[in-house]
Amino acid sequence: MAQKNDFQFSIREYRPSDEHVVMSLFRDGILEHVYPAFFKAMSHPDHVGVALSLSMAGYVLGGSSYFQALLFGSAWAGLLYYCCHEIYEGYMTRRLSTDMADIQANYLGNPDSSFWVAEADANGQSKVVGMVAVTGKRRGEKGERFDDWNGGAMGDGSEFAQDAGDGSYGEMSHAVVVFPWRRRNLGSQLTLKALDFCKERGYARLILDVSSPQTAAISLYQKFGFVQTECHRNTHANRWFSKLARINVVRMEKFI
C-alpha cells in the first residue's frame with residue numbers, strides 16, 4: 001500500500017468485476033489526448049498560416065464578410081480536429097475489439113502477461129483510478145509482433161534478439177491514471193510494477209509506444225531510463241491524417 005497527499009492506493013491484478021470501470025477508464029484515457037493533440041497541431045506555424053490564408057480568402061470572396069472569414073478558417077480547424085479524433089478513436093476501437101475484449105483470457109490467462117489496476121482509498125471509498133498491462137514475448141514464438149498504432153506487422157522480434165540475450169521482452173500498454181490522482185506518484189508505481197514483472201519473468205527489456213502529444217508520459221518514462229528508439233507517423237488511420245495532425249508514434253525501450 002502506498003500513500004501520498006492523504007490518499008492511499010494499492011496495485012492488484014485485474015478482476016472480472018473491474019471490467020466496466022476499466023473499459024470506461026480506457027476510453028477516457030485515450031480520447032482525452034484528442035484536444036491536446038488538436039491544440040498542438042493548430043499552434044504549428046504551417047497550420048496557423050493556412051488558417052489565416054483561408055480566413056483572408058473567405059473575407060475577400062464573401063465581400064468583406066467577417067462571418068465568411070471565420071467560416072473558412074474554422075473549416076481548417078475542423079479538419080485538423082477530425083484528423084486527431086480519428087487517430088485516437090480508431091486506436092481505441094481496435095483495441096476494444098482485440099485484446100481489451102477479453103482481458104482475463106488475453107492477459108491473466110497467459111503467464112507471460114498481466115494486467116493490473118490501481119485502487120485508491122479516499123474517505124473510506126475504494127475506486128479504480130489507474131491501470132497498466134504487460135504482454136510478454138518469448139523467443140521462438142511464431143507470428144509477427146503487432147504494432148500498437150498501425151496494426152501492421154513489425155517483424156518476428158529478431159530485432160530484439162540480436163542484443164537482448166534470449167530475445168524475450170515485454171510490451172507495456174494501457175497505462176492510464178485518472179486525472180485527480182495524477183502527480184501523486186501513481187504513474188511511477190504502475191511503471192515500476194510493469195518493470196518488476198518483466199524482471200521476474202526474465203525479460204531482457206520493456207518497450208512501449210506513446211503518441212507525441214503525451215509529453216508528461218514521455219517525461220516520466222525518460223526518468224525511468226527509457227530511451228526513444230523510433231519515431232514515425234504510421235498510424236492505423238489514413239497517412240494524411242497523421243501528417244496533418246502532426247502526431248508521431250514514439251517507441252521507447254528500457255533494458256532490464
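Trainee: Which residues does arginine 182 touch, not counting residues up to four places away in sequence?
Mentor: Arginine 182 touches Glu32 and Val177. Contact here means heavy atoms within 4.5 Å. Keep in mind that this is a predicted model.

Trainee: Where does arginine 182 lie?
Mentor: Arginine 182 is in the loop between strand S5 (169–177) and helix H7 (186–201). The C-alpha atom of arginine 182 is 9.4 Å from that of glycine 130. Along the chain, those two are 52 residues apart.

Trainee: Why is arginine 182 called partly exposed?
Mentor: Its relative accessible area is 29%. Buried means under 20%, and exposed means over 50%. The value for arginine 182 falls in between, so partly exposed is the term.

Trainee: What makes cysteine 83 count as buried?
Mentor: Cysteine 83 has 0% relative accessibility. The cut-off is under 20%, so cysteine 83 counts as buried.

Trainee: And why is cysteine 231 called partly exposed?
Mentor: Cysteine 231 has a relative accessible area of 40%. That lies between the 20% and 50% limits, so the label fits.

Trainee: How many disulfides does the structure hold?
Mentor: Zero. Take cysteine 83: the nearest cysteine sulfur, that of cysteine 84, is 6.8 Å away. A disulfide needs the sulfur atoms within 2.5 Å, so cysteine 83 is in none.

Trainee: How do you know that the span of helix H4 agrees with what is expected?
Mentor: Helix H4 runs over residues 66–96, which is 31 residues. At 1.5 Å a residue, H4 should span 45 Å. Its end C-alpha atoms are 44 Å apart, so the two agree.

How values were computed:
Residues are numbered from 1 along each chain as its sequence is written. This is a predicted model: local features need pLDDT of at least 70, side-chain atom pairs count only at pLDDT 80 or more; totals for chains, interfaces and linings use all residues. Side-chain values use heavy atoms; hydrogens and water are left out. Buried means under 20% relative accessible area, exposed over 50%, partly exposed in between (1.4 Å probe, protein chains only). Helices (H or I, at least four residues) and strands (E, at least two) are DSSP runs, numbered from the N terminus. The expected span of a helix is 1.5 Å times one less than its number of residues.
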